[in-house]
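This report describes one protein model in plain terms. Keep the sequence and the structure in view while reading.

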Amino acid sequence: MINFVIVDDFKEITDKIEDIISKIMMKNKMEYKTHVFHDYDSEFKKFISEPMVNRIYLLDIETKSASGIDFARLIRKNDLESIIIFITAHEELAPNIVRDQLMVLTFICKFDDFETRVKEAIYNSLNYIGKKRVIKFIDNNAIYIIPIQDILYVTHDNVERKCLIKATDKTYKIGKSLTEIKELSNGSLNQCHRGCLVNEERIVKFDRKRREITFDTGEIIDIVSENYKLEVGQKC
């Protein structure tokens, strides 16, 4: 799932960016969602603290009440992965942002070939995300591209004979076996039970006594077998 996060105090600008994203993603195989804000308010501050992967931020440098630069600093305190693109009418601020090492992809002036530059920035962002570790497969004539870092765990439903891939913000039900998914992950997903794979990079706690795994989202599972307990515990 690609999450586009747009902040601008002019609805005309956010509508235009949403339209560009929609046209690009219609041709793309990846699922996406847009999150639109018209100010850097408490709602936006809460949003950036929530667990969510593959974010592409398109931030207005300055709204009527707050600075996008300040919020980019806030984002970067705990998030070095998300892509930040600044939308601005103040290109003279670019050197300050570079100096602050906020790892911004680009600056787009609202008055200089705006649509073309937004398109280029989005394509560059998608290319960057596409180079991350992902599992790709076709199931039921649908193409899936799921970033590994988005996956918490995978379980097998014996009744429906399907696998459930639990991601940060979505659950995928697919007709693949655990063995197939493990092979597709190239070692990134490990066995903690004959019916469960976990992404050890997302585990923050492993309770050996209760055989419970806690993920960075706060979710807890207890699908842990004695045969695999030590393997999971090595990274916890």
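Two rings of Phe, Tyr or Trp count as an aromatic pair if their centres lie within 6.5 Å. The structure, which is a predicted model, holds 10 aromatic pairs.

**Aromatic rings**

A pair of aromatic rings is described by the distance of the centres and the angle of the planes. In the pair of F44 and Y57, the centres are 6.4 Å apart and the planes stand at 80 degrees, so this pair is edge-to-face; the label applies to planes over 60 degrees apart. F44 belongs to helix α2 (residues 42-49) and Y57 to strand β3 (residues 55-60), so the pair links distant parts of the chain, 13 residues apart. F44 is buried because its relative accessibility is 0%, and Y57 is buried with a relative accessible area of 0%; the limit for buried is under 20%.

F44 and Y57 are also members of a cluster linked by ring pairs, together with F37, Y40, F47 and F71. A charge is found at F47: the charged end of R55 sits over the ring, 4.9 Å from its centre.

**The parallel sheet**

Strand β3 is part of an open sheet of five strands, in the order β2-β1-β3-β4-β5, with parallel pairing. At its edges are β2 (32-37) and β5 (104-109), each of which pairs on one side only. On average, neighbouring strands of this sheet are turned by 15 degrees against each other, direction ignored. Five bridges join β4 and β5 in the parallel sense, and I87 has I108 in β5 as its bridge partner.

Helices pack on this sheet. Helix α2 touches β1, β2 and β3, and its direction makes about 155 degrees with that of β3. Helix α5 lies across β1, β3, β4 and β5, and runs at about 170 degrees to β5.

**Nonpolar cores**

In soluble globular proteins, nonpolar side chains tend to be buried together. Here the largest nonpolar core has 22 residues, and F4, I56 and L58 are those with the most contacts inside it. Two or more residues come from each of β1 (2-7), α1 (11-26), β3, β4 (83-88) and α5 (114-130).

Which residues does I56 contact, leaving aside its neighbours within four places in sequence? They are I2, N3, F4, V5, I83, I85, S125, L126 and I129. Another core, of 19 residues, lies apart from the largest one and includes V5, Y57, I69 and A72.

**The antiparallel sheet**

A second group of five strands forms an open sheet in the order β10-β9-β8-β12-β11, and here the pairing is antiparallel. The edge strands β10 (171-174) and β11 (190-193) each have a single partner strand, so one side of each is left without a neighbour in the sheet. Neighbouring strands of this sheet are turned by 25 degrees against each other on average, direction ignored.

At one edge, β11 is joined to strand β12 (residues 196-198) by three bridges, and the two run antiparallel. The bridge partner of Q191 in β12 is L197.

Within the same sheet, A167 is found in strand β9 (residues 162-167). Is A167 buried or exposed? A167 counts as buried, because its relative accessibility is 0%. A167 and L152 are 15 residues apart in sequence, but their C-alpha atoms are 5.5 Å apart in space. Beyond its neighbours within four places in sequence, A167 is in contact with D150, I151, L152 and Y172.

**A hairpin and positive phi angles**

Strand β13 (residues 203-207) and strand β14 (residues 212-215) pair in the antiparallel sense over four bridges. Across this pairing, K205 stands opposite T214 in β14. The hairpin of β13 and β14 has four residues between the strands, among them R211.

Most residues other than glycine have a negative phi, and most peptide bonds are trans. The table lists two arginines with a positive phi.

| Residue | Phi | Place | Relative accessible area |
|---|---|---|---|
| R161 | about 55 degrees | loop between β8 (151-157) and β9 | 69%, exposed |
| R211 | about 55 degrees | loop between β13 and β14 | 31%, partly exposed |

Why does R161 count as exposed? R161 counts as exposed because its relative accessibility is 69%, and the limit for exposed is over 50%. R211, at 31%, is partly exposed.

Notes
Residues are numbered from 1 along each chain as its sequence is written. This is a predicted model: local features need pLDDT of at least 70, side-chain atom pairs count only at pLDDT 80 or more; totals for chains, interfaces and linings use all residues. Side-chain values use heavy atoms; hydrogens and water are left out. Rings of Phe, Tyr and Trp (its six-membered ring) pair if their centres lie within 6.5 Å; planes under 30 degrees apart count as stacked, over 60 as edge-to-face and the rest as tilted. Buried means under 20% relative accessible area, exposed over 50%, partly exposed in between (1.4 Å probe, protein chains only). A charge sits over a ring if NZ of Lys or CZ of Arg is within 6 Å of the ring centre and within 35 degrees of the ring normal. Two strands pair if DSSP finds at least two bridges between them. Axes are lines fitted to C-alpha atoms, for helices over the stretch in contact, and angles run from 0 to 180 degrees between N-to-C directions. A nonpolar core is a set of buried Ala, Val, Leu, Ile, Met, Phe, Trp, Tyr and Cys residues joined through side-chain atoms within 4.5 Å. Contact means heavy atoms within 4.5 Å.
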